[in-house]
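This report takes up the contacts of aromatic rings and the open space in the structure shown here.

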Amino acid sequence: MNHFILIASLLLLFLLNNFVVEARQIAKSTTTGTRWVVLVAGSNYYENYRHQADVCHAYQILKNGGLKDENIIVFMYDDIAFNVQNPRPGIIINKPYGPDVYNGVPKDYTGENCTANNFLAVILGNRTALTGGSGKVVNSGPNDYIFIYYADHGSAGMVTMPTGDDLYAKDLIEVLKKKHEAKSYKSMVFYLEACESGSMFDGLLTEDMNIYAVTASTPAESSYAMYCPGHYPSPEDDFETCLGDLFSISWIEDSEKHDLQKETLQQQHGVVRRRTLVDYLDFSSHVMQYGNKELSKEPIFSYIGTNPDNDNFTMKAEEFSSNPSAEIAHSSRLTRGAVSQRDAQLHYLWHRFNRSADGSSEKIEAQKQLQNEILSRQQVDQNIHQIIALVFGEENVSKMIESIRPAGQPLVDDWDCLKMLVRIYGEICGSLSIYGKKYTRAMANMCNAGINEKQMTLASNQACLK
(Lines give C-alpha, C1' and ligand atoms only; values in the text may rest on other atoms or scores of the structure.)
Protein backbone atom coordinates (compact mmCIF):
# COMPACT_ATOMS: atom_id res chain seq x y z
CA MET A 1 0.00 0.00 0.00
CA ASN A 2 2.78 2.39 0.94
CA HIS A 3 4.54 1.43 -2.30
CA PHE A 4 1.41 2.34 -4.28
CA ILE A 5 1.12 5.74 -2.53
CA LEU A 6 4.77 6.49 -3.29
CA ILE A 7 4.33 5.67 -6.99
CA ALA A 8 1.13 7.77 -7.16
CA SER A 9 2.87 10.71 -5.49
CA LEU A 10 5.80 10.53 -7.89
CA LEU A 11 3.42 10.36 -10.86
CA LEU A 12 1.50 13.39 -9.59
CA LEU A 13 4.74 15.32 -9.09
CA PHE A 14 5.82 14.41 -12.62
CA LEU A 15 2.52 15.61 -14.10
CA LEU A 16 2.64 18.87 -12.15
CA ASN A 17 6.19 19.52 -13.28
CA ASN A 18 5.21 18.91 -16.90
CA PHE A 19 2.26 21.25 -16.47
CA VAL A 20 4.52 24.04 -15.17
CA VAL A 21 7.03 23.54 -17.99
CA GLU A 22 4.25 23.49 -20.58
CA ALA A 23 2.69 26.64 -19.11
CA ARG A 24 6.02 28.45 -19.32
CA GLN A 25 6.46 27.30 -22.92
CA ILE A 26 3.01 28.56 -23.82
CA ALA A 27 3.74 31.92 -22.21
CA LYS A 28 7.07 32.13 -24.00
CA SER A 29 5.49 31.22 -27.33
CA THR A 30 3.47 34.45 -27.18
CA THR A 31 6.72 36.36 -27.56
CA THR A 32 8.06 35.18 -30.92
CA GLY A 33 10.26 38.20 -31.57
CA THR A 34 13.44 39.42 -29.91
CA ARG A 35 13.36 41.59 -26.81
CA TRP A 36 15.41 44.79 -27.08
CA VAL A 37 16.08 47.05 -24.11
CA VAL A 38 17.64 50.52 -23.81
CA LEU A 39 18.57 51.73 -20.31
CA VAL A 40 19.50 55.39 -19.78
CA ALA A 41 20.89 57.20 -16.74
CA GLY A 42 20.75 60.81 -17.88
CA SER A 43 22.98 62.43 -15.24
CA ASN A 44 26.46 62.39 -13.76
CA TYR A 45 28.20 63.44 -10.50
CA TYR A 46 27.98 61.65 -7.19
CA GLU A 47 24.98 63.61 -5.91
CA ASN A 48 23.01 61.95 -8.73
CA TYR A 49 24.12 58.46 -7.66
CA ARG A 50 20.52 57.22 -7.73
CA HIS A 51 19.99 57.42 -11.51
CA GLN A 52 22.90 55.10 -12.32
CA ALA A 53 21.90 52.87 -9.41
CA ASP A 54 18.36 52.58 -10.83
CA VAL A 55 19.68 51.68 -14.28
CA CYS A 56 22.18 49.13 -12.96
CA HIS A 57 19.45 47.47 -10.89
CA ALA A 58 17.15 47.37 -13.93
CA TYR A 59 19.94 45.61 -15.84
CA GLN A 60 20.12 42.88 -13.19
CA ILE A 61 16.35 42.32 -13.55
CA LEU A 62 16.80 41.86 -17.31
CA LYS A 63 19.69 39.44 -16.93
CA ASN A 64 17.75 37.36 -14.43
CA GLY A 65 14.85 37.51 -16.88
CA GLY A 66 16.88 35.78 -19.56
CA LEU A 67 17.85 38.69 -21.83
CA LYS A 68 21.23 38.66 -23.54
CA ASP A 69 23.76 41.51 -23.34
CA GLU A 70 23.69 41.81 -27.12
CA ASN A 71 20.08 42.99 -26.81
CA ILE A 72 20.58 45.31 -23.81
CA ILE A 73 22.06 48.77 -24.48
CA VAL A 74 23.16 50.85 -21.50
CA PHE A 75 23.77 54.61 -21.29
CA MET A 76 25.47 55.76 -18.07
CA TYR A 77 28.26 58.23 -17.43
CA ASP A 78 29.95 55.66 -15.16
CA ASP A 79 31.48 58.08 -12.67
CA ILE A 80 29.81 56.69 -9.54
CA ALA A 81 31.15 53.21 -8.78
CA PHE A 82 34.76 54.35 -8.38
CA ASN A 83 34.02 57.90 -7.26
CA VAL A 84 36.18 59.00 -4.32
CA GLN A 85 32.99 59.75 -2.36
CA ASN A 86 31.60 56.24 -2.82
CA PRO A 87 32.05 54.38 0.49
CA ARG A 88 31.85 51.05 -1.41
CA PRO A 89 34.46 51.39 -4.21
CA GLY A 90 33.47 49.41 -7.28
CA ILE A 91 30.00 48.73 -5.89
CA ILE A 92 26.66 50.44 -6.47
CA ILE A 93 23.57 49.68 -4.39
CA ASN A 94 19.98 50.71 -5.04
CA LYS A 95 18.52 50.37 -1.57
CA PRO A 96 19.80 50.48 2.03
CA TYR A 97 22.05 47.50 2.74
CA GLY A 98 21.23 46.20 -0.72
CA PRO A 99 23.37 43.98 -2.97
CA ASP A 100 25.81 45.22 -5.61
CA VAL A 101 23.94 46.03 -8.84
CA TYR A 102 26.97 47.32 -10.77
CA ASN A 103 28.67 44.02 -11.49
CA GLY A 104 28.41 42.93 -15.12
CA VAL A 105 26.61 46.02 -16.42
CA PRO A 106 27.61 46.69 -20.07
CA LYS A 107 29.54 49.90 -20.72
CA ASP A 108 27.98 50.78 -24.08
CA TYR A 109 27.76 54.58 -23.99
CA THR A 110 29.68 56.16 -21.12
CA GLY A 111 31.35 59.50 -20.39
CA GLU A 112 31.32 61.88 -23.36
CA ASN A 113 29.48 59.29 -25.47
CA CYS A 114 26.43 59.37 -23.20
CA THR A 115 24.52 61.87 -25.34
CA ALA A 116 21.01 62.50 -26.61
CA ASN A 117 22.17 62.15 -30.23
CA ASN A 118 23.60 58.70 -29.56
CA PHE A 119 20.45 57.70 -27.69
CA LEU A 120 18.24 58.65 -30.64
CA ALA A 121 20.59 56.93 -33.10
CA VAL A 122 20.47 53.76 -31.00
CA ILE A 123 16.67 53.72 -31.05
CA LEU A 124 16.64 54.10 -34.83
CA GLY A 125 19.33 51.46 -35.28
CA ASN A 126 21.42 54.07 -37.12
CA ARG A 127 25.08 53.15 -36.56
CA THR A 128 26.34 55.82 -38.96
CA ALA A 129 24.91 58.56 -36.71
CA LEU A 130 26.79 57.35 -33.63
CA THR A 131 29.75 59.23 -32.19
CA GLY A 132 31.71 56.77 -30.08
CA GLY A 133 30.47 54.03 -27.79
CA SER A 134 30.13 50.29 -28.31
CA GLY A 135 28.21 50.63 -31.56
CA LYS A 136 25.30 48.55 -30.27
CA VAL A 137 21.93 49.71 -31.61
CA VAL A 138 18.35 48.48 -31.55
CA ASN A 139 18.51 46.39 -34.70
CA SER A 140 14.91 45.28 -34.35
CA GLY A 141 12.40 43.81 -36.76
CA PRO A 142 8.59 43.87 -37.13
CA ASN A 143 8.04 41.05 -34.61
CA ASP A 144 10.30 42.47 -31.90
CA TYR A 145 9.50 44.03 -28.54
CA ILE A 146 11.29 47.14 -27.27
CA PHE A 147 11.54 48.36 -23.67
CA ILE A 148 13.11 51.74 -22.89
CA TYR A 149 13.79 52.92 -19.35
CA TYR A 150 15.11 56.43 -18.77
CA ALA A 151 16.01 57.82 -15.31
CA ASP A 152 17.03 61.45 -15.13
CA HIS A 153 16.38 65.03 -14.20
CA GLY A 154 13.68 66.64 -16.27
CA SER A 155 11.59 69.73 -16.76
CA ALA A 156 8.65 70.75 -18.89
CA GLY A 157 9.33 69.40 -22.39
CA MET A 158 12.84 68.04 -21.86
CA VAL A 159 15.07 65.59 -20.04
CA THR A 160 18.79 66.00 -19.60
CA MET A 161 21.84 63.98 -20.57
CA PRO A 162 25.26 64.14 -18.87
CA THR A 163 26.96 65.58 -21.94
CA GLY A 164 25.78 67.43 -25.02
CA ASP A 165 22.32 68.84 -25.64
CA ASP A 166 19.20 68.10 -23.65
CA LEU A 167 16.57 65.82 -25.15
CA TYR A 168 13.38 67.66 -26.12
CA ALA A 169 10.01 65.94 -26.29
CA LYS A 170 9.49 66.88 -29.93
CA ASP A 171 12.78 65.27 -30.99
CA LEU A 172 12.05 62.09 -29.04
CA ILE A 173 8.56 61.74 -30.52
CA GLU A 174 9.85 62.35 -34.06
CA VAL A 175 12.37 59.52 -33.65
CA LEU A 176 9.70 57.20 -32.24
CA LYS A 177 7.50 58.02 -35.24
CA LYS A 178 10.35 57.15 -37.63
CA LYS A 179 10.89 53.87 -35.80
CA HIS A 180 7.19 53.09 -36.15
CA GLU A 181 7.04 54.07 -39.82
CA ALA A 182 9.99 51.75 -40.50
CA LYS A 183 7.89 48.87 -39.09
CA SER A 184 10.85 47.82 -36.98
CA TYR A 185 8.99 46.73 -33.84
CA LYS A 186 5.78 45.01 -32.85
CA SER A 187 5.20 47.07 -29.72
CA MET A 188 7.19 49.28 -27.35
CA VAL A 189 7.04 50.16 -23.66
CA PHE A 190 8.71 53.32 -22.35
CA TYR A 191 9.19 53.98 -18.61
CA LEU A 192 10.37 57.52 -17.78
CA GLU A 193 11.57 58.79 -14.40
CA ALA A 194 11.96 62.58 -14.33
CA CYS A 195 10.33 65.73 -13.04
CA GLU A 196 7.38 66.78 -15.21
CA SER A 197 7.97 63.62 -17.25
CA GLY A 198 4.38 63.53 -18.45
CA SER A 199 5.17 66.55 -20.65
CA MET A 200 7.37 64.33 -22.82
CA PHE A 201 4.31 62.45 -24.09
CA ASP A 202 1.14 64.39 -23.25
CA GLY A 203 -0.57 65.50 -26.46
CA LEU A 204 2.34 64.08 -28.49
CA LEU A 205 2.33 60.27 -28.29
CA THR A 206 -0.53 58.89 -30.41
CA GLU A 207 -2.18 55.50 -29.96
CA ASP A 208 -1.45 54.35 -33.52
CA MET A 209 2.31 54.19 -32.81
CA ASN A 210 1.77 51.06 -30.67
CA ILE A 211 3.79 52.49 -27.79
CA TYR A 212 2.74 52.37 -24.15
CA ALA A 213 4.48 55.02 -22.01
CA VAL A 214 4.47 55.29 -18.22
CA THR A 215 5.85 58.39 -16.49
CA ALA A 216 6.76 59.08 -12.89
CA SER A 217 4.72 62.27 -12.79
CA THR A 218 2.21 64.45 -14.57
CA PRO A 219 3.42 67.20 -16.94
CA ALA A 220 3.52 69.60 -13.98
CA GLU A 221 4.85 67.57 -11.03
CA SER A 222 8.21 66.73 -9.58
CA SER A 223 9.31 63.14 -9.27
CA TYR A 224 11.06 62.03 -6.10
CA ALA A 225 14.37 60.61 -4.93
CA MET A 226 14.21 57.77 -2.42
CA TYR A 227 16.37 56.05 0.19
CA CYS A 228 17.95 59.39 1.14
CA PRO A 229 20.13 60.25 4.18
CA GLY A 230 18.05 61.44 7.10
CA HIS A 231 14.84 59.91 5.76
CA TYR A 232 13.30 56.54 6.47
CA PRO A 233 14.28 54.09 5.10
CA SER A 234 17.77 55.58 5.18
CA PRO A 235 21.02 54.30 3.67
CA GLU A 236 24.00 53.39 5.82
CA ASP A 237 25.59 56.32 7.65
CA ASP A 238 28.55 56.57 5.27
CA PHE A 239 26.31 57.31 2.27
CA GLU A 240 25.68 61.01 1.70
CA THR A 241 23.35 60.72 -1.28
CA CYS A 242 20.01 59.17 -2.26
CA LEU A 243 20.24 55.58 -3.51
CA GLY A 244 17.20 55.43 -5.78
CA ASP A 245 14.12 57.14 -7.17
CA LEU A 246 10.61 56.46 -5.93
CA PHE A 247 8.95 55.56 -9.26
CA SER A 248 11.99 53.59 -10.40
CA ILE A 249 12.46 51.47 -7.31
CA SER A 250 8.70 50.85 -7.30
CA TRP A 251 8.63 49.17 -10.71
CA ILE A 252 12.06 47.54 -10.30
CA GLU A 253 11.35 46.03 -6.88
CA ASP A 254 7.94 44.88 -8.10
CA SER A 255 9.55 43.17 -11.12
CA GLU A 256 12.21 41.62 -8.91
CA LYS A 257 9.87 39.49 -6.84
CA HIS A 258 6.95 38.56 -9.13
CA ASP A 259 6.26 36.04 -11.86
CA LEU A 260 6.18 38.45 -14.79
CA GLN A 261 4.47 35.90 -17.02
CA LYS A 262 1.36 36.42 -14.87
CA GLU A 263 1.64 40.12 -14.00
CA THR A 264 0.48 42.56 -16.66
CA LEU A 265 1.80 46.03 -17.31
CA GLN A 266 -1.50 47.43 -16.05
CA GLN A 267 -1.22 45.48 -12.81
CA GLN A 268 2.29 46.79 -12.30
CA HIS A 269 1.03 50.31 -12.98
CA GLY A 270 -1.46 49.84 -10.14
CA VAL A 271 1.26 48.68 -7.75
CA VAL A 272 3.66 51.47 -8.73
CA ARG A 273 0.98 54.17 -8.71
CA ARG A 274 -0.14 53.20 -5.21
CA ARG A 275 3.38 53.11 -3.84
CA THR A 276 4.39 56.38 -5.50
CA LEU A 277 1.23 58.31 -4.63
CA VAL A 278 -0.01 56.87 -1.35
CA ASP A 279 2.83 55.30 0.56
CA TYR A 280 4.65 58.64 0.45
CA LEU A 281 1.62 60.89 0.67
CA ASP A 282 3.51 64.04 1.64
CA PHE A 283 6.03 63.55 -1.18
CA SER A 284 3.97 62.08 -3.99
CA SER A 285 3.49 62.24 -7.73
CA HIS A 286 0.88 60.76 -10.04
CA VAL A 287 2.18 57.96 -12.25
CA MET A 288 0.72 58.53 -15.72
CA GLN A 289 -0.03 56.40 -18.81
CA TYR A 290 0.18 57.58 -22.43
CA GLY A 291 -0.07 56.15 -25.92
CA ASN A 292 -1.67 52.79 -26.64
CA LYS A 293 -3.03 51.76 -23.25
CA GLU A 294 -4.35 48.48 -24.68
CA LEU A 295 -0.76 47.25 -24.52
CA SER A 296 -0.98 47.47 -20.73
CA LYS A 297 -2.98 44.22 -20.81
CA GLU A 298 0.14 42.35 -21.93
CA PRO A 299 2.39 40.48 -19.48
CA ILE A 300 5.54 42.29 -18.43
CA PHE A 301 7.38 39.13 -19.46
CA SER A 302 6.93 40.07 -23.13
CA TYR A 303 9.34 42.98 -22.67
CA ILE A 304 11.80 42.14 -19.88
CA GLY A 305 11.51 38.38 -19.37
CA THR A 306 11.05 36.85 -15.93
CA ASN A 307 13.20 35.23 -13.27
CA PRO A 308 12.48 31.47 -13.05
CA ASP A 309 12.92 31.69 -9.27
CA ASN A 310 9.62 33.60 -9.16
CA ASP A 311 7.55 31.05 -11.09
CA ASN A 312 5.37 30.04 -8.16
CA PHE A 313 4.79 33.52 -6.77
CA THR A 314 1.11 34.40 -6.38
CA MET A 315 0.04 38.00 -5.86
CA LYS A 316 -2.90 39.04 -3.74
CA ALA A 317 -5.59 41.04 -5.51
CA GLU A 318 -5.07 44.06 -3.26
CA GLU A 319 -1.46 44.34 -4.44
CA PHE A 320 -2.80 45.45 -7.81
CA SER A 321 -5.04 48.15 -6.32
CA SER A 322 -4.65 51.53 -7.97
CA ASN A 323 -7.25 53.34 -5.84
CA PRO A 324 -5.34 55.70 -3.55
CA SER A 325 -8.36 56.64 -1.44
CA ALA A 326 -8.76 53.01 -0.40
CA GLU A 327 -5.21 52.95 0.93
CA ILE A 328 -4.79 56.28 2.69
CA ALA A 329 -6.70 55.39 5.86
CA HIS A 330 -4.80 52.12 6.24
CA SER A 331 -1.29 53.26 5.38
CA SER A 332 1.13 52.96 8.27
CA ARG A 333 4.08 54.26 6.27
CA LEU A 334 3.29 57.95 5.93
CA THR A 335 6.30 58.84 8.04
CA ARG A 336 8.58 57.73 5.23
CA GLY A 337 10.45 60.42 3.37
CA ALA A 338 11.33 61.30 -0.20
CA VAL A 339 13.08 64.27 -1.78
CA SER A 340 12.07 66.20 -4.88
CA GLN A 341 14.42 65.37 -7.75
CA ARG A 342 15.00 69.06 -8.22
CA ASP A 343 15.97 69.51 -4.56
CA ALA A 344 18.06 66.35 -4.24
CA GLN A 345 21.31 68.26 -4.78
CA LEU A 346 20.37 70.77 -2.09
CA HIS A 347 19.56 67.86 0.25
CA TYR A 348 22.92 66.27 -0.55
CA LEU A 349 24.86 69.49 0.17
CA TRP A 350 22.90 70.16 3.36
CA HIS A 351 23.57 66.65 4.61
CA ARG A 352 27.30 66.96 3.87
CA PHE A 353 27.43 70.27 5.74
CA ASN A 354 25.55 68.91 8.78
CA ARG A 355 27.66 65.80 9.19
CA SER A 356 31.07 67.51 8.76
CA ALA A 357 33.02 68.26 11.92
CA ASP A 358 32.84 71.86 13.11
CA GLY A 359 35.86 73.88 12.00
CA SER A 360 37.08 71.23 9.57
CA SER A 361 38.06 71.99 5.97
CA GLU A 362 35.26 69.66 4.88
CA LYS A 363 32.74 71.77 6.83
CA ILE A 364 34.02 74.99 5.27
CA GLU A 365 33.93 73.56 1.75
CA ALA A 366 30.46 72.07 2.28
CA GLN A 367 29.18 75.42 3.56
CA LYS A 368 30.63 77.20 0.54
CA GLN A 369 28.99 74.77 -1.91
CA LEU A 370 25.66 75.01 -0.08
CA GLN A 371 25.72 78.81 -0.10
CA ASN A 372 26.64 78.86 -3.79
CA GLU A 373 23.72 76.57 -4.62
CA ILE A 374 21.28 78.75 -2.68
CA LEU A 375 22.61 81.96 -4.27
CA SER A 376 22.45 80.37 -7.72
CA ARG A 377 18.81 79.48 -7.18
CA GLN A 378 17.99 82.98 -6.00
CA GLN A 379 19.72 84.45 -9.04
CA VAL A 380 17.82 82.37 -11.59
CA ASP A 381 14.54 83.15 -9.79
CA GLN A 382 15.35 86.84 -10.09
CA ASN A 383 16.46 86.58 -13.73
CA ILE A 384 13.34 84.82 -14.95
CA HIS A 385 11.05 87.10 -12.98
CA GLN A 386 12.69 90.20 -14.45
CA ILE A 387 12.74 88.89 -18.04
CA ILE A 388 9.02 88.14 -17.94
CA ALA A 389 8.24 91.48 -16.30
CA LEU A 390 10.19 93.36 -18.97
CA VAL A 391 8.31 91.68 -21.84
CA PHE A 392 4.84 91.05 -20.46
CA GLY A 393 4.56 93.35 -17.45
CA GLU A 394 4.91 92.70 -13.74
CA GLU A 395 1.24 91.76 -13.48
CA ASN A 396 1.72 88.76 -15.82
CA VAL A 397 4.77 87.18 -14.16
CA SER A 398 2.81 84.66 -12.07
CA LYS A 399 0.63 83.71 -15.02
CA MET A 400 3.63 82.97 -17.23
CA ILE A 401 5.35 80.89 -14.56
CA GLU A 402 2.36 78.97 -13.25
CA SER A 403 0.03 78.52 -16.23
CA ILE A 404 -0.51 74.85 -17.19
CA ARG A 405 -2.19 73.73 -20.39
CA PRO A 406 -5.10 71.26 -20.22
CA ALA A 407 -4.34 67.54 -20.30
CA GLY A 408 -3.95 66.20 -23.83
CA GLN A 409 -2.50 69.45 -25.15
CA PRO A 410 1.25 69.71 -25.86
CA LEU A 411 3.35 71.99 -23.70
CA VAL A 412 4.12 74.40 -26.53
CA ASP A 413 2.97 75.06 -30.09
CA ASP A 414 6.38 76.01 -31.45
CA TRP A 415 9.15 73.76 -30.13
CA ASP A 416 11.80 75.69 -32.05
CA CYS A 417 10.76 78.79 -30.13
CA LEU A 418 11.24 76.97 -26.82
CA LYS A 419 14.71 75.82 -27.87
CA MET A 420 15.50 79.38 -28.93
CA LEU A 421 14.52 80.90 -25.57
CA VAL A 422 16.53 78.31 -23.65
CA ARG A 423 19.52 78.96 -25.92
CA ILE A 424 19.33 82.75 -25.60
CA TYR A 425 19.03 82.55 -21.84
CA GLY A 426 22.03 80.23 -21.70
CA GLU A 427 24.18 82.50 -23.85
CA ILE A 428 23.39 85.65 -21.90
CA CYS A 429 22.44 84.59 -18.38
CA GLY A 430 24.23 81.25 -18.10
CA SER A 431 23.04 77.70 -18.71
CA LEU A 432 19.98 76.67 -16.79
CA SER A 433 20.88 74.46 -13.83
CA ILE A 434 18.78 71.45 -12.80
CA TYR A 435 16.88 73.83 -10.54
CA GLY A 436 16.72 76.54 -13.21
CA LYS A 437 15.09 74.19 -15.68
CA LYS A 438 11.93 74.41 -13.60
CA TYR A 439 11.33 77.54 -15.72
CA THR A 440 11.12 75.82 -19.11
CA ARG A 441 7.34 75.83 -18.67
CA ALA A 442 7.46 79.61 -18.24
CA MET A 443 9.48 79.83 -21.46
CA ALA A 444 6.96 77.62 -23.23
CA ASN A 445 4.19 79.92 -22.05
CA MET A 446 6.17 82.89 -23.33
CA CYS A 447 6.37 81.21 -26.74
CA ASN A 448 2.64 80.50 -26.70
CA ALA A 449 2.11 84.20 -25.92
CA GLY A 450 4.11 85.22 -29.01
CA ILE A 451 7.54 86.31 -27.74
CA ASN A 452 10.18 86.63 -30.47
CA GLU A 453 13.97 86.32 -30.54
CA LYS A 454 14.58 90.07 -30.41
CA GLN A 455 12.37 90.54 -27.35
CA MET A 456 14.01 87.67 -25.46
CA THR A 457 17.52 88.87 -26.30
CA LEU A 458 16.80 92.43 -25.21
CA ALA A 459 15.09 91.40 -21.98
CA SER A 460 17.81 88.89 -21.09
CA ASN A 461 20.49 91.52 -21.60
CA GLN A 462 18.67 93.95 -19.38
CA ALA A 463 17.98 91.37 -16.67
CA CYS A 464 21.28 89.52 -16.56
CA LEU A 465 24.08 91.81 -17.70
CA LYS A 466 23.48 94.89 -15.62
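The charged end of Lys363 is placed over the ring of Phe353, at 4.3 Å from its centre, in what is a predicted model. A second contact of this kind involves Arg35, which lies over the face of Phe301 at 4.4 Å from the ring centre.

Contacts between rings can be read in similar terms. A pair of aromatic rings is described by the distance of the centres and the angle of the planes. The count of aromatic pairs comes to 16, and two of these are set out in the table.

| Pair | Centre to centre | Angle between planes | Arrangement |
|---|---|---|---|
| Tyr49 and Phe239 | 5.9 Å | 80° | edge-to-face |
| Phe147 and Trp251 | 5.6 Å | 70° | edge-to-face |

Why is the pair of Tyr49 and Phe239 edge-to-face? The planes of Tyr49 and Phe239 stand at 80°, and because an angle over 60 degrees counts as edge-to-face, the pair falls in that class. Tyr49 belongs to helix α2 (residues 49–64), whereas Phe239 is in the loop between β9 (224–226) and β10 (244–245), so that the pair links parts of the chain that are 190 residues apart. Tyr49 has a relative accessibility of 0% and therefore counts as buried, and Phe239, with a relative accessible area of 1%, is buried as well, since the class takes in values under 20%.

The pair of Phe147 and Trp251 also links distant parts of the chain, with Phe147 in strand β3 (residues 145–151) and Trp251 in helix α5 (residues 246–257), 104 residues apart. Both Phe147 and Trp251 are buried, and both belong to a cluster that ring pairs form together with Tyr149, Tyr191 and Phe247.

The remaining topic is open space. The largest pocket holds about 780 Å³ of space. The lining of this pocket comprises 35 residues, of which Thr160, Gly164, Asp166, Leu432 and Lys437 are the closest to its centre. Two or more lining residues come from each of the elements α3 (116–124), β6 (167–168), α9 (344–355) and α12 (415–429), and α12 gives the largest share, with six residues. What is the make-up of the lining of the largest pocket by class? The lining is made up of twelve nonpolar, 13 polar and ten charged residues.

Notes:
Residues are numbered from 1 along each chain as its sequence is written. This is a predicted model: local features need pLDDT of at least 70, side-chain atom pairs count only at pLDDT 80 or more; totals for chains, interfaces and linings use all residues. Side-chain values use heavy atoms; hydrogens and water are left out. On a 1 Å grid over the protein atoms alone, a cavity is a set of points where a 1.4 Å probe fits but cannot get out, and a pocket is an open set with protein on both sides within 12 Å along at least five of seven lines; lining residues have an atom within 4 Å of a point. Grid points are joined across faces, edges and corners, and a volume is the space filled by probe spheres set on the points. Helices (H or I, at least four residues) and strands (E, at least two) are DSSP runs, numbered from the N terminus. Ala, Val, Leu, Ile, Met, Phe, Trp, Tyr, Cys and Pro count as nonpolar, Asp, Glu, Lys and Arg as charged, and the others, Gly among them, as polar. Rings of Phe, Tyr and Trp (its six-membered ring) pair if their centres lie within 6.5 Å; planes under 30 degrees apart count as stacked, over 60 as edge-to-face and the rest as tilted. Buried means under 20% relative accessible area, exposed over 50%, partly exposed in between (1.4 Å probe, protein chains only). A charge sits over a ring if NZ of Lys or CZ of Arg is within 6 Å of the ring centre and within 35 degrees of the ring normal.
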